[in-house]
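User: Please take one side chain in this model and look closely at its surroundings. Then work outward to whatever else in the chain deserves comment, with distances and contacts stated plainly.

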Amino acid sequence: MDKLLLWVSVLITLPEAFAQANLHGKVFVFPRESSTDHVSLITKLEKPLRNFTLCLRAYSDLSRYYSLFSYNVQGKDNELLVFKDKIGTYSLFIGNTRVTAKVLEQFPAPAHFCVSWESSSGIAEFWVNGKPLVKKGLKQGYSVGAHPKIILGQEQDTYGGGFDKRQSFVGEIGDLYMWDSVLSAEEILSAYQDSPINPNILNWQDLDYEIKGYVIIKPLVWH
Ligand SMILES: *[C@@H]1O[C@H](CO)[C@@H](O)[C@H](O)[C@H]1NC(C)=O
Ligand SMILES: [Ca+2]
(Lines give C-alpha, C1' and ligand atoms only; values in the text may rest on other atoms or scores of the structure.)
(Ligands and ions follow the chains in the order given, each with its own letter.)
Protein backbone atom coordinates (compact mmCIF):
# COMPACT_ATOMS: atom_id res chain seq x y z
CA MET A 1 0.00 0.00 0.00
CA ASP A 2 1.35 3.46 -0.76
CA LYS A 3 1.89 5.85 2.12
CA LEU A 4 -1.08 8.09 1.46
CA LEU A 5 -3.48 5.16 1.25
CA LEU A 6 -2.04 3.72 4.44
CA TRP A 7 -2.64 7.02 6.24
CA VAL A 8 -6.18 7.28 4.91
CA SER A 9 -6.97 3.77 6.17
CA VAL A 10 -5.43 4.53 9.59
CA LEU A 11 -7.57 7.66 9.85
CA ILE A 12 -10.70 5.73 8.91
CA THR A 13 -10.12 2.79 11.25
CA LEU A 14 -8.93 4.88 14.21
CA PRO A 15 -11.22 7.86 14.69
CA GLU A 16 -9.92 10.16 17.42
CA ALA A 17 -11.87 12.33 19.78
CA PHE A 18 -10.30 14.65 22.33
CA ALA A 19 -12.59 15.95 25.02
CA GLN A 20 -12.82 17.36 28.47
CA ALA A 21 -16.13 16.43 30.03
CA ASN A 22 -18.16 15.55 33.06
CA LEU A 23 -18.86 11.84 32.59
CA HIS A 24 -20.96 11.48 35.73
CA GLY A 25 -23.62 8.83 35.07
CA LYS A 26 -21.80 7.61 31.98
CA VAL A 27 -19.38 4.84 31.03
CA PHE A 28 -16.87 4.08 28.33
CA VAL A 29 -18.10 1.00 26.48
CA PHE A 30 -15.34 -1.14 24.94
CA PRO A 31 -17.65 -3.22 22.76
CA ARG A 32 -15.22 -5.58 21.02
CA GLU A 33 -11.88 -7.28 21.49
CA SER A 34 -9.06 -5.55 19.59
CA SER A 35 -5.44 -4.52 19.90
CA THR A 36 -6.22 -0.91 19.01
CA ASP A 37 -9.38 0.46 20.66
CA HIS A 38 -8.53 2.45 23.79
CA VAL A 39 -8.93 5.66 25.79
CA SER A 40 -6.01 7.84 26.87
CA LEU A 41 -6.50 9.75 30.11
CA ILE A 42 -4.62 13.00 30.31
CA THR A 43 -3.31 14.39 33.58
CA LYS A 44 -0.74 17.00 34.47
CA LEU A 45 1.19 14.87 36.91
CA GLU A 46 4.61 16.50 37.14
CA LYS A 47 5.98 15.09 40.39
CA PRO A 48 6.64 11.41 41.18
CA LEU A 49 3.93 9.78 43.29
CA ARG A 50 4.68 8.59 46.82
CA ASN A 51 1.05 7.79 47.65
CA PHE A 52 -2.02 7.22 45.53
CA THR A 53 -5.52 5.78 45.42
CA LEU A 54 -7.32 4.74 42.25
CA CYS A 55 -11.03 3.82 42.11
CA LEU A 56 -13.22 2.73 39.22
CA ARG A 57 -16.31 0.73 38.37
CA ALA A 58 -16.10 -2.03 35.79
CA TYR A 59 -18.51 -4.50 34.25
CA SER A 60 -17.13 -7.22 32.02
CA ASP A 61 -18.04 -10.80 31.20
CA LEU A 62 -14.49 -11.70 30.15
CA SER A 63 -13.22 -14.72 32.04
CA ARG A 64 -9.65 -14.34 30.69
CA TYR A 65 -7.18 -11.86 32.20
CA TYR A 66 -7.21 -8.19 31.20
CA SER A 67 -5.83 -4.77 32.00
CA LEU A 68 -8.06 -2.39 33.96
CA PHE A 69 -5.66 0.57 34.18
CA SER A 70 -2.29 0.84 32.44
CA TYR A 71 0.12 3.64 33.50
CA ASN A 72 3.55 3.69 31.88
CA VAL A 73 6.28 6.28 32.02
CA GLN A 74 9.03 6.82 29.48
CA GLY A 75 11.27 3.75 29.43
CA LYS A 76 9.36 1.96 32.23
CA ASP A 77 6.75 -0.69 31.51
CA ASN A 78 4.14 -1.56 34.18
CA GLU A 79 5.05 1.46 36.31
CA LEU A 80 1.50 1.32 37.73
CA LEU A 81 -0.78 -1.37 36.37
CA VAL A 82 -4.07 -2.81 37.62
CA PHE A 83 -4.60 -6.22 36.12
CA LYS A 84 -7.50 -8.63 36.55
CA ASP A 85 -5.91 -12.09 36.46
CA LYS A 86 -9.14 -14.06 36.63
CA ILE A 87 -12.47 -14.04 38.44
CA GLY A 88 -11.79 -12.93 42.03
CA THR A 89 -8.10 -12.16 41.52
CA TYR A 90 -6.65 -8.66 41.10
CA SER A 91 -3.00 -7.66 40.66
CA LEU A 92 -1.25 -4.36 41.23
CA PHE A 93 2.11 -3.68 39.61
CA ILE A 94 4.34 -0.88 40.89
CA GLY A 95 7.67 -0.38 39.15
CA ASN A 96 7.09 -3.69 37.29
CA THR A 97 6.74 -5.64 40.58
CA ARG A 98 3.48 -7.43 41.30
CA VAL A 99 1.21 -8.25 44.22
CA THR A 100 -2.09 -10.10 44.01
CA ALA A 101 -5.21 -10.06 46.17
CA LYS A 102 -8.24 -12.33 46.12
CA VAL A 103 -11.93 -11.86 46.73
CA LEU A 104 -15.05 -13.98 46.45
CA GLU A 105 -16.81 -12.58 43.40
CA GLN A 106 -19.94 -13.28 41.44
CA PHE A 107 -19.50 -13.62 37.71
CA PRO A 108 -20.45 -11.74 35.70
CA ALA A 109 -21.26 -8.82 37.99
CA PRO A 110 -20.39 -5.12 38.11
CA ALA A 111 -17.65 -4.27 40.60
CA HIS A 112 -16.42 -1.13 42.28
CA PHE A 113 -12.67 -1.46 42.69
CA CYS A 114 -10.11 0.69 44.54
CA VAL A 115 -6.42 0.22 45.13
CA SER A 116 -4.04 2.39 47.10
CA TRP A 117 -0.31 2.31 47.70
CA GLU A 118 1.93 4.10 50.19
CA SER A 119 5.65 4.34 49.45
CA SER A 120 6.84 4.70 53.07
CA SER A 121 5.38 1.30 54.05
CA GLY A 122 4.99 -0.25 50.60
CA ILE A 123 1.48 -1.32 51.65
CA ALA A 124 -1.06 -1.88 48.88
CA GLU A 125 -4.72 -1.94 49.87
CA PHE A 126 -7.38 -3.41 47.59
CA TRP A 127 -11.09 -2.74 48.01
CA VAL A 128 -13.94 -4.43 46.12
CA ASN A 129 -17.45 -3.04 46.54
CA GLY A 130 -16.32 -1.05 49.57
CA LYS A 131 -14.82 -4.08 51.35
CA PRO A 132 -11.08 -4.47 52.03
CA LEU A 133 -9.09 -7.44 50.71
CA VAL A 134 -5.97 -8.69 52.50
CA LYS A 135 -3.24 -6.03 52.43
CA LYS A 136 0.00 -6.75 50.57
CA GLY A 137 3.30 -4.89 50.25
CA LEU A 138 5.69 -4.00 47.45
CA LYS A 139 8.31 -1.49 46.39
CA GLN A 140 8.75 0.16 49.79
CA GLY A 141 10.53 3.51 49.35
CA TYR A 142 9.87 3.66 45.58
CA SER A 143 8.33 6.63 43.74
CA VAL A 144 5.98 6.11 40.80
CA GLY A 145 7.25 8.15 37.86
CA ALA A 146 5.53 11.31 36.60
CA HIS A 147 4.45 12.29 33.06
CA PRO A 148 2.54 9.05 32.51
CA LYS A 149 0.65 7.67 29.56
CA ILE A 150 -2.55 6.29 31.07
CA ILE A 151 -4.54 3.87 28.94
CA LEU A 152 -7.93 2.19 29.45
CA GLY A 153 -8.90 -0.76 27.26
CA GLN A 154 -5.37 -1.94 26.46
CA GLU A 155 -2.20 -2.94 28.31
CA GLN A 156 0.90 -0.94 27.32
CA ASP A 157 4.31 -2.49 26.80
CA THR A 158 5.82 0.77 25.56
CA TYR A 159 5.12 4.42 26.37
CA GLY A 160 1.61 4.73 24.89
CA GLY A 161 1.61 1.55 22.79
CA GLY A 162 2.67 -2.08 22.56
CA PHE A 163 -0.87 -3.42 22.93
CA ASP A 164 -1.91 -7.09 22.90
CA LYS A 165 -5.53 -8.00 22.22
CA ARG A 166 -5.26 -10.97 24.63
CA GLN A 167 -4.87 -8.42 27.46
CA SER A 168 -7.48 -5.97 26.16
CA PHE A 169 -10.59 -5.01 28.09
CA VAL A 170 -14.07 -5.71 26.73
CA GLY A 171 -16.91 -4.23 28.79
CA GLU A 172 -17.77 -0.98 30.53
CA ILE A 173 -15.74 1.34 32.79
CA GLY A 174 -17.03 4.30 34.79
CA ASP A 175 -16.56 6.47 37.89
CA LEU A 176 -12.77 6.53 37.63
CA TYR A 177 -11.01 8.76 40.16
CA MET A 178 -7.42 9.05 41.31
CA TRP A 179 -5.87 10.81 44.30
CA ASP A 180 -2.26 11.51 45.31
CA SER A 181 -2.98 10.23 48.83
CA VAL A 182 -4.08 7.02 50.53
CA LEU A 183 -7.81 7.16 51.21
CA SER A 184 -9.27 6.07 54.56
CA ALA A 185 -11.93 3.35 54.74
CA GLU A 186 -14.59 6.09 55.06
CA GLU A 187 -13.31 7.89 51.97
CA ILE A 188 -13.30 4.61 49.99
CA LEU A 189 -16.92 4.12 51.05
CA SER A 190 -17.77 7.63 49.80
CA ALA A 191 -16.26 6.79 46.42
CA TYR A 192 -18.20 3.50 46.36
CA GLN A 193 -21.39 5.44 47.12
CA ASP A 194 -20.68 7.81 44.25
CA SER A 195 -19.49 10.77 46.36
CA PRO A 196 -15.71 10.83 45.83
CA ILE A 197 -13.94 13.47 47.91
CA ASN A 198 -11.52 15.81 46.08
CA PRO A 199 -9.93 13.51 43.49
CA ASN A 200 -6.90 15.50 42.35
CA ILE A 201 -5.16 13.37 39.70
CA LEU A 202 -8.08 12.03 37.66
CA ASN A 203 -11.69 13.13 38.04
CA TRP A 204 -14.51 11.38 36.16
CA GLN A 205 -16.56 14.56 36.58
CA ASP A 206 -13.92 16.67 34.81
CA LEU A 207 -12.08 14.18 32.65
CA ASP A 208 -9.54 15.02 29.99
CA TYR A 209 -9.46 12.10 27.57
CA GLU A 210 -8.89 10.96 24.03
CA ILE A 211 -10.79 8.08 22.46
CA LYS A 212 -8.99 6.05 19.81
CA GLY A 213 -10.96 3.50 17.81
CA TYR A 214 -14.25 1.86 18.74
CA VAL A 215 -15.05 3.12 22.24
CA ILE A 216 -18.51 4.57 22.88
CA ILE A 217 -19.89 6.68 25.74
CA LYS A 218 -23.23 5.44 27.10
CA PRO A 219 -25.29 5.94 30.27
CA LEU A 220 -24.29 3.87 33.31
CA VAL A 221 -27.26 1.52 33.76
CA TRP A 222 -25.88 -1.19 36.06
CA HIS A 223 -25.26 0.74 39.24
C1 LIG B 1 2.68 10.04 51.76
O2 LIG B 1 2.02 9.53 52.89
C3 LIG B 1 2.78 9.58 54.08
C4 LIG B 1 1.97 8.95 55.20
O5 LIG B 1 1.31 7.84 54.79
C6 LIG B 1 3.12 11.00 54.42
O7 LIG B 1 3.93 11.03 55.57
C8 LIG B 1 3.85 11.64 53.26
O9 LIG B 1 4.04 13.01 53.54
C10 LIG B 1 3.05 11.49 51.97
N11 LIG B 1 3.87 12.00 50.88
C12 LIG B 1 3.39 12.79 49.95
C13 LIG B 1 4.35 13.29 48.93
O14 LIG B 1 2.21 13.11 49.90
CA1 LIG C 1 2.97 -3.92 30.09
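Analyst: A polar atom in the side chain of His38 lies 2.6 Å from the backbone oxygen of Thr36, a polar contact (N or O atoms within 3.5 Å; within protein, one able to donate a hydrogen and the other to accept it, and sequence-adjacent residues counting only if both atoms are side-chain atoms). The model is predicted, so local features need pLDDT of at least 70 and side-chain atom pairs pLDDT 80 or more, while totals for chains, interfaces and linings use all residues; side-chain values use heavy atoms, without hydrogens or water. Residues are numbered from 1 along each chain as its sequence is written, and chains are lettered from A and ligands numbered from 1 in the order written.

His38 belongs to strand 3, residues 38–41 (helices, H or I of at least four residues, and strands, E of at least two, are DSSP runs numbered from the N terminus). With 7% relative accessibility, His38 is buried (buried is under 20% relative accessible area, exposed over 50%, partly exposed in between, with a 1.4 Å probe and protein chains only). Beyond four places in sequence, His38 is in contact with Phe30, with Ile151, Leu152, Gln154 and Phe163, and with Glu210, Ile211, Lys212 and Val215 (contact means heavy atoms within 4.5 Å).

The calcium site is the next stop. Ligand 2, a calcium ion, has donors at 2.3 to 2.9 Å: Asp77 and Glu155 each appear twice, through OD and OE respectively, and Asn78 (OD1), Gln156 (O) and Asp157 (OD) are also listed (donors are N, O and S atoms within 2.8 Å of the metal, or 3.2 Å for Na, K and Ca; sites may look incomplete without water). Along the chain these donors follow the spacing D-N-x76-E-Q-D. Distant parts of the chain are thereby paired: Asn78 is in strand 6 (residues 76–86), and Gln156, 78 residues away, is in the loop between strand 13 (149–152) and strand 14 (171–179). Asn78 is buried at 9% relative accessible area, and Gln156 is buried at 0%.

The loop between strand 13 and strand 14 also holds Gln167. Gln167 is buried too, with a relative accessible area of 17%. Apart from residues up to four places away in sequence, Gln167 touches the calcium donor Glu155, and its other contacts are Arg64, Tyr65, Tyr66, Ser67 and Phe83.

Strand 14 contains Tyr177, which is buried at 2% relative accessible area. Its side chain makes a polar contact of 2.8 Å with the side chain of Gln205. Leaving out neighbours within four places in sequence, Tyr177 meets Thr53, Leu54 and Cys55, and also Pro196, Pro199, Leu202, Asn203, Trp204 and Gln205. The C-alpha atom of Tyr177 is 7.5 Å from that of Ile201, and these two residues are 24 apart along the chain.

Ligand 1 has Arg50, Asn51 and Glu118 around it (near means a heavy atom within 4 Å). An oxygen atom of ligand 1 is 2.6 Å from a side-chain N or O atom of Asn51. For Glu118, the corresponding distance from an oxygen atom of ligand 1 is 2.4 Å.

In the largest nonpolar core there are 57 residues, and those touching the most other members are Phe28, Leu41, Phe69, Tyr71, Leu92, Phe126 and Met178 (such a core joins buried Ala, Val, Leu, Ile, Met, Phe, Trp, Tyr and Cys residues through side-chain atoms within 4.5 Å). Setting aside residues up to four places away, Phe126 touches Leu92 as well as Tyr90, Ser91, Val99, Ala101, Phe113, Cys114, Val115, Lys131, Pro132 and Leu133.

A few backbone details remain. The Phe107 to Pro108 peptide bond is cis, with omega near -15°, and Pro108 sits in the loop between strand 8 (97–102) and strand 9 (111–118). Asn129 has a positive phi near 50° although not a glycine; Asn129 is in the loop between strand 10 (123–128) and strand 11 (131–132) and is partly exposed at 29% relative accessible area. Asn198, also not a glycine, has a positive phi near 45°. Asn198 is in the loop between helix 2 (185–192) and strand 15 (202–203) and is exposed, at 64% relative accessibility.

For the wider frame, an unreviewed UniProt entry annotates residues 24–223 as "domain: Pentraxin (PTX)" (positions follow the numbering used here, feature names are shortened, and annotations may be inferred rather than shown by experiment). That span is 46% strand and 4% helix, and its end C-alpha atoms are 12 Å apart.
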